[in-house]
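Got the model open in your viewer? Let's take a walk through it, one selection at a time.

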Amino acid sequence: MGRDIHAYREVAVESVPDPRSGALRIRPMAGQAFAPTLSVQCSRRLADPALYPAGTKFLLSAKLTDRLGGTPFLYAWHGDPVQVLTPAQARKFLAEFRRGRI
């Protein structure tokens, strides 16, 4: 069965150090439909500090899921290409999101 492309939407995320472990984790950027506290399941490459330093911003195609009634999280397929956002691109994406809201 293929992916339901209508369930996925573009989400700007960023890598931040986890306060407890110090490891990088991926979270949604503030100013979107998803809270920055929401977990993101995506390719481990995005949280590899050797490839992308803390604070790197990415654009993912993700969907909200809860896997059999559990805690909701964003899921992005690990095989999708990595799209790194510059700070200017991230600001533009978030500004377009805000303008598109009703």
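Which residues lie nearest the centre of the largest pocket? Select Leu59, Leu60, Ser61, Asp80 and Pro81: those are the ones, out of 16 lining residues. A pocket here is an open set of points on a 1 Å grid over the protein atoms alone, where a 1.4 Å probe fits, with protein on both sides within 12 Å along at least five of seven lines, and a lining residue has an atom within 4 Å of a point.

A word on ground rules before the next click. This is a predicted model, in which local features need pLDDT of at least 70 and side-chain atom pairs count only at pLDDT 80 or more, while totals for chains, interfaces and linings use all residues. Residues are numbered from 1 along each chain as its sequence is written, and side-chain values use heavy atoms, with hydrogens and water left out.

**Stop 1: the pocket**

Stay with that pocket and show its volume, about 180 Å³. The volume is the space filled by probe spheres set on the grid points, which are joined across faces, edges and corners. Now colour strand E4, residues 57–65: this strand gives the largest share of the lining, four residues. Strands are DSSP runs of E with at least two residues, helices are runs of H or I with at least four, and both are numbered from the N terminus. By type, the lining divides into nine nonpolar, four polar and three charged residues. In that split, Ala, Val, Leu, Ile, Met, Phe, Trp, Tyr, Cys and Pro are nonpolar, Asp, Glu, Lys and Arg are charged, and the others, Gly among them, are polar.

**Stop 2: zoom out**

Switch to cartoon. You should find six strands and one helix, running β-β-β-β-β-β-α from the N terminus. The radius of gyration is 14 Å, close to the 13 Å that the globule rule gives for 102 residues, so the protein is as compact as a globular protein of that length. That radius is taken over C-alpha atoms, and the rule is 2.2 Å times the number of residues to the power 0.38. Along the principal axes, the C-alpha atoms fill a box of roughly 35 × 35 × 25 Å.

Try a surface next. The accessible area is about 6900 Å², with 55% of it belonging to carbon and sulfur atoms; areas come from the Shrake-Rupley method with a 1.4 Å probe, and for residues only the protein chains shown count as cover. Buried residues make up 33% of the 102, where buried means under 20% relative accessible area, exposed over 50%, and partly exposed in between (1.4 Å probe, protein chains only).

**Stop 3: Ser15 and Leu46**

Select Ser15 in strand E1, residues 9–17. Ser15 is buried, at 1% relative accessible area. Then add Leu46, in the loop between strand E3 (40–41) and E4, also buried, with 2%. Put a distance label on this pair: 7.4 Å from C-alpha to C-alpha, with their positions 31 residues apart in sequence.

What does Leu46 touch, leaving out residues up to four places away in sequence? Show Ser15, Ile26, Tyr52, Phe58, Leu60 and Val82; contact means heavy atoms within 4.5 Å. You have met Leu60 already, at the pocket. Ser15, with the sequence neighbours within four places set aside, has contacts including Leu24, Arg25, Pro53 and Gly55.

**Stop 4: the loop after E4**

Now go to the loop between E4 and strand E5 (73–75) and pick Arg67. Phi of Arg67 is near 40°, a positive value in a residue other than glycine. Leu68, in that loop too, has a positive phi of about 60° and is not a glycine either. Buried or exposed? Leu68 is exposed, at 88% relative accessible area, and Arg67 counts as exposed at 53%.

**Last stop: His78**

Finish on His78, in the loop between E5 and strand E6 (84–85). Beyond four places in sequence, His78 is in contact with Ser43 and Arg45.
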